[in-house]
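Reader: Please take a close look at a single pocket, with its lining and the helices around it, and then place it in the wider fold. I would like each term to come with its cut-offs.

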Amino acid sequence: MQWFIFFLTLPHLKPDSLEPVWPAIESIFDAGRLASTLVILGLYIFKNRLPSKPVWILALMEGWLLFSTAVNKGNLRDAVMTFIAVLVTVCIVDLFSIWPVQLIRSLMLNLEWLIYGNLLSILLTYPQGLYINQPYFNSCYFLGYHNSFFQYVLLAICVACLYAHLEKRKIRAACLIAASYACVLITWSATSIAALMLVTALLLLPSTLRRFITFPGVFAAAMIGNLSITVFRVMDRVPWAAWFIKAVLKKQTTLTGRIYIWDQFYKCFAQHPLLGHGVGSHLQFSTAPVGAHNQYFELLLTGGILTLVLFMLFTFATGERLIRYRDRASSYIFLSILAGLYIIFIAEAYLTPTVFMLMTLPYYVNKFEGVSAPHRRKLRIVIRQSRLVPSQKSS
């Protein structure tokens, strides 16, 4: 089962380096996406099962983005491929959440080859990179630019923690987490470092204090921080905020020009607040097209107000589950990871299968408790003992 899930998921977690470095392999991944999509559709029909609430919300959101892109004559191919990849990955989580151990094992396999491959590319090619991303002239690695591969890092940390929780095997999980940290620390993305610091602090928080960490508190704090930076610009008004950005994160208070990009966003969004501009880069920075560099701004820019509303509904559907099952150990793992994700949303936008998979997993938090799988060796011992019992009775 785990290999079946592994191959269904594999083509949708496509490394960014395939298109510029190995374009022939990218076409194989695209074919794999189509095959995976057909299999998932077949499974829903065969099982006579309807998708869960998060899948429907994301289907509406991605469908609206497709419509907006078509009307605005944007990058329709990218919009279609993202639509397929996002929906199939969340459907994989939805379908196989009833087998949580097999699902987490398969995700471990997927993320191990991605994270270890990325770390190897960093160790071999840093700082010049595996390739240069045109027209931005950024050094990129197996999973792309250092800002973009943090989404894989967060998912890897989340899956590794769940793997250790379910399987009680910590060495394999610790190796993946260590490799994930190394990818971020070596390349040093300021926003990723800030998010990773928060995730680490929450995961290491004493159990006596964890009861104070709740989804409403985490989400509210993240939104306050987001608005404080993107709208009220505390970097220029609060001395300690400016000190943290300069001394700890080693960045300027302009956040590598993001404040100028956000100023453009306000003007661009005002032109099409309801429909948005569709999928594609609509802003400019240093003569190069860029996105909004903020999750919520990007949603408003590409799909308008309705897209942001649907994204919030998707977020709150997951949050409601974390509130309901807040006493579960896996609930706190998800909450810690989501806190880091909400931080990264301040300066980056990820409308990707990786992030939506990460945000969908917590919806099934109740599935990740009380299902710890026995190790293979222990399982063989149990089978042998069960075979010996009848012979002992007959004697």
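Author: What follows begins with the basis of the values, turns to the pocket, and then moves outward to the rest of the chain.

The model is predicted, so local features are taken at pLDDT of at least 70 and side-chain atom pairs only at pLDDT 80 or more, while totals for chains, interfaces and linings use all residues. Residues are numbered from 1 along each chain as its sequence is written, and side-chain values use heavy atoms, with hydrogens and water left out.

The part to examine is the second largest pocket, which holds about 240 Å³ of space. A pocket is here an open set of points on a 1 Å grid over the protein atoms alone, where a 1.4 Å probe fits and protein lies on both sides within 12 Å along at least five of seven lines; a lining residue has an atom within 4 Å of a point. Grid points are joined across faces, edges and corners, and the volume is the space filled by probe spheres set on the points.

The lining of the second largest pocket is made of 14 residues, and those nearest its centre are Ile40, Leu41, Tyr44, Leu87 and Cys91. Helix H3 (23-46), helix H4 (53-71) and helix H5 (76-96) each give at least two residues to this lining, and H5 gives the largest share, 5 residues. Helices here are DSSP runs of H or I with at least four residues, strands are runs of E with at least two, and both are numbered from the N terminus. By class, the lining has 12 nonpolar residues, 1 polar and 1 charged, where Ala, Val, Leu, Ile, Met, Phe, Trp, Tyr, Cys and Pro count as nonpolar, Asp, Glu, Lys and Arg as charged, and the others, Gly among them, as polar.

Cys91, one of the residues nearest the centre of the pocket, counts as buried because its relative accessibility is 9%, buried being under 20% relative accessible area, exposed over 50% and partly exposed in between, with a 1.4 Å probe and protein chains only. A search of the whole structure for disulfides, pairs of cysteine sulfur atoms within 2.5 Å, finds 0. For Cys91, the nearest cysteine sulfur is that of Cys158, 19 Å away. Cys158 in turn is in no disulfide, with the sulfur of Cys161 nearest at 7.1 Å, and Cys158 is buried because its relative accessibility is 0%.

Helix H3 also carries Thr37, which is buried because its relative accessible area is 16%. Leaving aside neighbours within four places in sequence, Thr37 is in contact (heavy atoms within 4.5 Å) with His12, Ile84 and Val88.

The loops that link these helices hold two residues with positive phi. Most residues other than glycine have a negative phi, and most peptide bonds are trans. In the loop between H3 and H4, Asn48 has a phi near 50°, and Asn48 is exposed because its relative accessibility is 73%. In the loop between H4 and H5, Lys73 has a phi near 55°, and Lys73 too is exposed, with a relative accessible area of 75%. A cis peptide bond, with omega about 5°, joins Tyr126 and Pro127, and Pro127 is found in the loop between helix H6 (100-125) and strand E1 (131-133).

Around the pocket stands a protein of 17 helices and 4 strands. Its radius of gyration, 22 Å, is close to the 21 Å that the globule rule gives for 395 residues, so the protein is as compact as a globular protein of that length; the radius is taken over C-alpha atoms, and the rule is 2.2 Å times the number of residues to the power 0.38. The C-alpha trace spans about 85 × 45 × 45 Å along its principal axes, and 52% of the 395 residues count as buried. Among contacts between residues at least 6 apart in sequence, 76% join residues at least 24 apart.

One example of a pair distant in sequence is Arg211 and Asp327, which are 116 residues apart along the chain and have C-alpha atoms separated by 8.3 Å. Arg211 is found in the loop between helix H10 (207-210) and helix H11 (215-230) and is exposed, with a relative accessible area of 56%. Helix H16 (residues 353-360), finally, is mostly covered, since 8 of its 8 residues are buried, among them Phe356 and Met357.
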